[in-house]
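Please look through the sequence and the model shown here before reading on. The report is written for someone who has not met this structure before.

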Amino acid sequence: MKFSKLAVFIEKIEQTSSRLSITHLLAELFQKLSTGEFDKTIYLLQGRVTPLFEPTEFGMGEKNVIRGVVVALHLERKFFEQEYKKIGDLGLTVEHFKKQFSSFEEKDLSIQEVYKDLVDLAKKQGTGSQESKTNILAHLLRQLDPLSSRYLVRIILGVLRLGFSDMTVLDAYSWMLKKDKSLRPLIEKAYHVRPDLGFIGAVLREKGEKGLSNIHPTVFTPILMMRAERLSSGAEIVEKIGASAIEPKYDGFRLQVHYKKGEPARLYSRNLEEVSFMYPDVVEGIKKNIKAREIIIEGEAIGYDIKRDRLLPFQQTVQRKRKYEIEAKAKEIPLKFFVFELLYKDGSDYINKPFSERRKKLAKSIRTKNDIAKDTVFVANETITDNPQEIEKIFADALAEGLEGIIAKRLDGVYQPGARASNWIKLKKSYSSKIEDTIDCVVFGYDFGKGKRTGFGIGAFLVGLFDDKRDKYATIAKIGTGLTDEEWRELRKRCDKFKSNKKPTAYEVDKQMEVDVWVNPSIVVEIQADEITRSSVHTAGRTLKASKSGSAFEVDTSGYALRFPRLVRFREDKKPNDATTLQELKNMFQAQKG
Ligand code: AMP
C-alpha cells in the first residue's frame, strides 16, 4: 500500500470519535494490507517503528523537525515559525506549506519505503546524528504529498495520538477475520503473552485464527504482568482459594527478567518498558545466579540498607529509579531481587502450569546461599497454609518487618498474563480510613488556581478511573490540597508534557468539573482517601436519563467520589489503563467499613 493511502485512512480515523466506527475503519485498512507490510503499518499507527516495549525513539525535537521542514521546502525559518504560531499545530503547518510547494522529487512512496527511512532516522545516534536525521526527514518531505507530510511529522514528534487503544486494534483484528468481535477474547489472550500488536496482527493476517495457538512466551518480548485481587482477612483468603502459598508483599519495583546465556539480562518494568540500564546490580546478579540457557522470571527488587542490614521502605528504594549517576547510587542502595515467578525456561512454557510446579522449577533455577548481605537474587519466602490465624500472623510479622503486607497464591493456579485474578490475593495494611487500599487514578487536567499557588500555575487537578468495559475514563475527584510545593511543581511539569488543546475524547467529565488545561491520559497517581461517597458531579458510575421535558439529560444514579483525597505518589510504572477500574472501585465501595 502507498503511504498516501494510509494517510487518508489516518485522517478518517482522526475525524471519527465513535469507537465502533474506528474499529471498522481499522479492519477495512487491515484487510487491504499485505502480510509483509502489516506489522510495519501497525507500528506506524502507534507513532513508532518498533513495538512499544522496544526503546527505539526518533530522537528529534521540534526544533530539529522545523529545521528539516525549512530545508526541504526552501523556506525562511522565521516565516515558517510565524505561520506555525498562527496555525498552532506543526503537522498542519507543514501540510499548509507543502500545498504551495511542488518538487520534481515527488513520489508516491509505499508504506515500506517510508518505514525503512524512518528506521534509518531512528537508528542515527551520536555526533552528527541530528544532521543526518534532518536530512532523512527533508528528503522524505520533498517526496511526500501534503497530507502524508502532516502525519509523517506527527509520527516523528510522537504526537500522532489517534485516540484508539491497543484493545481497539485487537477488536479490529477480529473484524478483519470474522466481520464481528467474536475472536477478540482469544486474540487478547495471545496479546497478553506477546504484547506486540504488529507481530500478532501479522500472524493473524498470514495464518488466520489458527496462528493463535502457536503464540508462546519468547525471551526479550515482555509478557503482560499478572495482578492480584484484594481481600481483607485471612479467613476470606482461605474461603476463596483454600490452601495457598503465602509470600511477603515486597514494596519495591516489579521486574520481569529475560535472560539468554551469553547475553546481558533485560529487565522490564510493569508497563513493559526496558529498564535494564537502571539496575546494573540486578543484571549482574542474574548472570551470576541463574541456572538456565534461557529463562523468563518475575520478582520484586527492593533497596537494602547495608549498615542496618534490612530492606528499605519504598520511598528510599525509589531513589534507584534514575537516569544519571546510576553506578554511585547502586553502591549506596544496592537492590535485592526476590523472585516469585517462573514463566518460561529452556523451551518450556510454564504459564499454564500450576503455581506449585512453577515454584519448584523456579527454586531449581536459582543458585543462592541466601546471604542477604552478599547475594542479589533470592527466591521469595513462602509458607503453605490453609489456616486463617496463621495467615494473619504472617501478615502481622510482614508489617512489623516494614513490608507492605502479603500475597496469597492459589497452589494450582495458572499464571494469567495481564489479568487481575483471584489466583493471587493481596492483603495490605489498612489505614485509618474506611477504604482498605489506595486508588490509582489518571490525571485528566488541572486548574490554574488562586492565591499562593498561582505561583506554580496549578491549584487543583482532576482525576478519574478507567472504565475498561467501555474504554472510557470517568472522574472521581478534584484535588486542591495536600500536596507539598515540590509535588505541585512536579505535577505541573508532568501535566504540561502531555497537554492537549481540547478535552480528550475518552474523558467523560461533567460541565462543573471541567478544567483550564486538559492532559492526555498518561499520568497515573496513587491516591489515598478517607471514604468513597456518591456525587452527582462525578461521572464514574453515574448514569443519566432523559429529563421530563425530554430536551435534556439529568442524573439518574449519582457517580462515585472520594472524600479527603490526597496524593501518595506518582506511579510511573503504571499506564493509564492499569489505573483502578470502575468495577474495582465499585467493589471497594461495597467493602467499605461501616
Ligand atoms: P497489584 O499489582 O496492584 O495487583 O499488586 C501486586 C503487586 O505486588 C505486584 O505488582 C508486585 O509488584 C508486588 N509484589 C510484591 N511482592 C510480591 C509477591 N511475593 N508476589 C507477587 N507480587 C508481589
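What follows describes one helix, its two sides and its packing.

This is a predicted model, in which local features need pLDDT of at least 70 and side-chain atom pairs count only at pLDDT 80 or more, while totals for chains, interfaces and linings use all residues. Residues are numbered from 1 along each chain as its sequence is written, and side-chain values use heavy atoms, with hydrogens and water left out.

Helices are DSSP runs (H or I, at least four residues), numbered from the N terminus. The table sets out the two sides of helix H5, where buried means under 20% relative accessible area and exposed over 50% (1.4 Å probe, protein chains only).

| Side of H5 (residues 77–87) | Residues |
|---|---|
| Buried | Phe 80, Glu 83, Tyr 84 |
| Exposed, on the other side | Lys 78, Lys 85, Lys 86 |

The buried residues cover an arc of only 105 degrees around the axis, which puts them on the same side of H5; the arc is taken from the directions from the helix axis to the C-beta atoms. These buried residues pack against helix H4 (62–73) and helix H6 (90–99), contact meaning heavy atoms within 4.5 Å.

Just after H5, Gly 88 takes a positive phi of about 85 degrees. H5 and H6 pack at an angle of about 125 degrees, and their axes are 9 Å apart; axes are lines fitted to C-alpha atoms, for helices over the stretch in contact, and angles run from 0 to 180 degrees between N-to-C directions. On the H5 side, the contact includes Phe 79 and Ile 87, and on the H6 side it includes Leu 90 and Phe 97.

Notes: Helix = DSSP H or I, 4+ residues; strand = E, 2+ residues; numbered from the N terminus.
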